[in-house]
Amino acid sequence: MHPHARVADIATGTAAFLRDLARHWPDAILDGYDISTSLYPSARTLPRNVTLHLLDARRDVPVSLWGQYDIVHVRLIAAGLTAPEWGRTVRNLAKLLKPGGAMQWEECDFTNVRHFPGRPDSTTDAATTIGLMFLTAMKPRFEYGWNRLAAEMRTAGLADVHTEAVSADRVYDTRPRLTANGMRAMFAWARLHSARGSQGALTMRQIDDLEQKAYADIQSGCYVTFDIHVAWGFRPE
Ligand SMILES: C[S@@+](CC[C@H](N)C(=O)[O-])C[C@H]1O[C@@H](n2cnc3c(N)ncnc32)[C@H](O)[C@@H]1O
C-alpha cells in the first residue's frame, strides 16, 4: 500500500479495522461505510484520517465513488445479507476500485462453530447450548457468503482471485477473549428475541441463568472455534 492510498472499509461497524490501519498509515485516506451509524464511535475519538459515512452495500454505489479506492475491505457483513444479495453486493463494491486496486473480504463459517474444553476439567454445556440456538436461527445467513466470495469476485470482473482459511482458535492467547466476544453477541441476540416475544425465545430469567453458566464455562477453559475465510482479488488495470 502506498502512503497516500485510499481505503474503503464497508460494513465498518466500530471502524476497528480503519483505526488499526491509521496507526501504521497516518497519511492514507481511510473511509468507513455502514448501513447504520449505531456502532460508530464519536468523530472526536477517530484518527484524523478516518471518516465515516452511510452506505447500504446492497444498493448501487453513487457514481461519484466509482474508481476512487486502492483497497476495498469488507469483514463480517454476512448477518446483513441474504443468499441472493451476495452477487449484487460484490459487483457493486467492485465498482469502488481504481484500476489495479484490491478487494479483500473476510467472512467466518459459523455453521461449524464448536465450543471445546481447553482443559480436562473444562465445562462446555451452556456455551454449546447458546451456540446451537444462535446457529439454528441464523443458519440461512451463515450458510452462504464465505463459500461464494471467490466466485462472486471473478463474476464481478476481478482478476488474480485467491482464498485462504484459518482456524479462529489458532492463537492460544486470544481464545478466552474471542469466546467471550461471541458470547456477548449471542446473548444480546437472545435478549432481543426475548424482548420481542419471538417464538421459541428464552425468558430473560433463563437467559441470565444460561449466561452465567456460559461465562463459567469460559472461566473453566472452554473456547470457541470456527473457520475464518479470506478472499481477495484485483481490478484489472
Ligand atoms: C459484525 S459487524 C462487523 C463490523 C466490522 N466490519 C468489523 O469487522 O469490526 C457487521 C456490520 O455490518 C453492517 N451492515 C449490515 N448490512 C449492511 C449493508 N447492507 N451495508 C452496509 N453495512 C451493513 C452492520 O450495520 C454492522 O455494523
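**Around the ligand, then on to a helix pair**

Let's start at the ligand: 14 residues surround it, and those that come nearest are Ala11, Asp34, Asp56, Ala57 and Arg75. Keep in mind as you look around that this is a predicted model. By class, the shell around the ligand comprises 7 nonpolar, 3 polar and 4 charged residues.

Now zoom in on the polar atoms. On the oxygen side, an N or O atom in the side chain of Arg75 sits 2.6 Å from an oxygen atom of the ligand. Asp56 also uses its side chain, placing a polar atom 2.9 Å from a ligand nitrogen. With Ile35 it is the backbone that takes part: one of its polar backbone atoms is 3.2 Å from a nitrogen atom of the ligand. How much of the ligand does the protein bury? Of the 600 Å² that the ligand exposes when taken alone, the protein buries 78%.

Next, let's move along the chain to helix α5 (residues 175–196) and helix α6 (residues 204–219), which pack with their axes 11 Å apart at an angle of about 175°. Angles over 145 degrees count as roughly antiparallel, so that is how α5 and α6 run relative to each other. Residues making the contact include Met183, Arg184 and Phe187 of α5, and Leu210, Glu211 and Tyr215 of α6. Sorted by class, this contact of α5 with α6 has 12 nonpolar, 2 polar and 4 charged residues.

Notes: Residues numbered from 1 in each chain as written. Predicted model: local features only at pLDDT ≥ 70, side-chain atom pairs only at ≥ 80, totals over all residues. Heavy atoms only, no water. Axes fitted to C-alpha atoms, helices over the stretch in contact; angles between N-to-C directions. Helix = DSSP H or I, 4+ residues; strand = E, 2+ residues; numbered from the N terminus. Parallel < 35°, antiparallel > 145°, perpendicular 65-115°, else oblique. Contact = heavy atoms within 4.5 Å. Nonpolar A, V, L, I, M, F, W, Y, C, P; charged D, E, K, R; others polar. Near = heavy atom within 4 Å. Polar contact = N/O pair within 3.5 Å; in protein donor to acceptor, adjacent residues only side chain to side chain. Areas by Shrake-Rupley, 256 points an atom, 1.4 Å probe, with all protein chains shown as cover.
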